[in-house]
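Here is a short, friendly walk through one protein model. Keep the picture beside you as you read, and look for each residue when it is named.

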Amino acid sequence: MSRPSLAILLQFAVSVLLLVALARKVQLAEAASALGRVRPGTFVACVVLALIGYWGRARRWALLLERSGVPITPLASYRLTLVGTFYGLATPGRIGEFARILHVGAPRSDTLPSVVWDRVVDVLLLELLCVPAFLWVPAWRGPLFFAYLGLVLGTVAGIALLASPPAAHALARAIPLLARPLGRWSAHSGGLLRRAFSGAGILWGCFFYVFMYAVGWLLLRDVAPHASARLVVGQPLIALLGNLPVALGGLGLREQVSAALFEQFGAGAATGAAYSLLIFTVLTLVPALLGFVASNLIGAHRSPSREDVR
């Protein structure tokens, strides 16, 4: 068995174990009741809002591609962003999202830095949006907070390494096999860091999260009508943990955290687990499936890698 297959199998096992542990802790009937309280109109509205929000992510990536000398049409950027979300469902840390560059008709050395920095900015925004959750939920200022600090420090260290030519040269000397790819990285990623953290890059990233909060509030209103609206503030932390390469697509891990958060606010652990599943379905699963279907329908008529690039 290959290492990637083994990693996916292990993550699947972790997800199953986490879900089994959650099922032993919560009342499944209560979770099912919470899911049943979501009105069809609310669900459809949330999917529409999520799809609008993805326009922000697509525009940020398009800006980075343009800076790399690979301009792409807005619709192609949007579609491939959704396709990348589909690829990321079953890969560690959603690294499969990088595979969207395979649909762009340009050298990978030109396109890879764009998705790397796009992902880095997204993680940093999530980490910043987690701060209010720790300020408003004192009970989270324990092991979870220290795990969060570890993630932040790891992200900062990763940015420093990716943006440092001396670090790339040192790594190339230490591991000669990486010399060529690191050389290409240094040659093509220059300037993208500034573009990624430019005003436009940050604003388009925030555009997505504004709609994420709107989706969270609408779902919370149906799932737990009497719960505190502050529960929505914890959503970035749930999403951030879903990026960890521990469980398959974060399944099980997110639900555990959401259940604990809802229980602390008196809304019920089962309701929290149901809320997390709904958020995942609306913000990730449905857009990913729609992107995959759209990509295949378009691919059946033409080659997107040649016609989507200007």
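Let us begin with a single pair of side chains. His 103 and Tyr 87 are joined by a polar contact of 2.8 Å between their side chains. To find His 103, look in the loop between α4 (74-88) and α5 (108-129). Is His 103 buried or exposed? His 103 counts as buried because its relative accessibility is 18%, and the cut-off for buried is under 20%.

**The whole protein**

Now step back. What you see is a predicted model. The protein has 15 helices and zero strands. Of its 310 residues, 46% are buried. Among the contacts with a separation of 6 or more, 74% are between residues 24 or more positions apart. The protein exposes about 14600 Å², and 71% of that comes from carbon and sulfur atoms.

**Two cavities**

How many cavities of 30 Å³ or more does a search of the whole structure find? The search finds three. The largest cavity holds about 280 Å³ of space, while the second largest has a volume of about 80 Å³.

Start with the largest cavity. Its lining has 22 residues, and those nearest its centre are Arg 57, Arg 94, Ala 239, Leu 283 and Thr 284. Several helices take part: α3 (40-67), α5, α11, α12 and α14 (269-299) each give at least two residues to this lining. Which helix gives the largest share? That is α14, with five residues. Sorted by kind, the lining of the largest cavity has 10 nonpolar, six polar and six charged residues.

The second largest cavity is lined by Arg 57, Arg 60, Thr 81, Gly 84, Thr 85, Glu 97, Arg 100, Asp 118, Arg 119 and Asp 122. Here the elements that supply two or more residues are α3, α4 and α5. This lining has no nonpolar residues, three polar ones and seven charged ones. You can find Arg 57 beside both cavities, since Arg 57 is among the residues nearest the centre of the largest one and is also one of those lining the second largest.

**Helix α13 and its surroundings**

Next, turn to helix α13 (residues 253-264), where you will find Ser 258. With a relative accessibility of 0%, Ser 258 counts as buried. Leaving out residues up to four places away in sequence, Ser 258 touches Ile 238, Gly 272, Ala 273, Tyr 275 and Ser 276.

Phe 262 lies in helix α13 too. Phe 262 is buried, also with a relative accessible area of 0%. With the same kind of neighbours left out, those up to four places away in sequence, Phe 262 touches Leu 220, Leu 231, Ala 267, Gly 268, Thr 271, Gly 272 and Tyr 275. Gly 272 therefore appears in the contact lists of both Ser 258 and Phe 262.

Ser 228 gives another view of this region. Ser 228 sits in the loop between α11 and α12 (235-242). Ser 228 is partly exposed, with a relative accessible area of 26%. Beyond its neighbours within four places in sequence, Ser 228 is in contact with Leu 220 and Phe 265. Leu 220 is also one of the residues that Phe 262 touches.

**Met 212 and Phe 280**

Met 212 is in helix α11 (residues 199-223). Why does Met 212 count as buried? Its relative accessible area is 3%, and buried means under 20%. Apart from residues up to four places away in sequence, Met 212 touches Gln 235, Pro 236 and Leu 283. Leu 283 is a name you have met before, as one of the residues nearest the centre of the largest cavity.

Phe 280 is found in helix α14. Phe 280 is buried, with a relative accessible area of 16%.

**Along the chain and across space**

The table pairs residues by their separation along the chain and by the distance between their C-alpha atoms.

| Pair | Separation in sequence | C-alpha to C-alpha distance |
|---|---|---|
| Met 212 and Ala 50 | 162 residues | 6.7 Å |
| Phe 280 and Ile 238 | 42 residues | 9.9 Å |
| Ser 228 and Ala 267 | 39 residues | 8.3 Å |
| Phe 262 and Gly 272 | 10 residues | 5.1 Å |

Try tracing the first pair yourself: Met 212 and Ala 50 are 162 residues apart in sequence, yet 6.7 Å apart in space, C-alpha to C-alpha.

Methods. Residues numbered from 1 in each chain as written. Predicted model: local features only at pLDDT ≥ 70, side-chain atom pairs only at ≥ 80, totals over all residues. Heavy atoms only, no water. Helix = DSSP H or I, 4+ residues; strand = E, 2+ residues; numbered from the N terminus. Buried < 20%, exposed > 50% of the residue type's maximum accessible area, 1.4 Å probe, protein only. Contact = heavy atoms within 4.5 Å. Areas by Shrake-Rupley, 256 points an atom, 1.4 Å probe, with all protein chains shown as cover. Polar contact = N/O pair within 3.5 Å; in protein donor to acceptor, adjacent residues only side chain to side chain. 1 Å grid on protein atoms, 1.4 Å probe; cavity = no way out; pocket = protein on both sides within 12 Å on 5 of 7 lines; lining within 4 Å. Points joined across faces, edges and corners; volume = space filled by probe spheres on them. Nonpolar A, V, L, I, M, F, W, Y, C, P; charged D, E, K, R; others polar.
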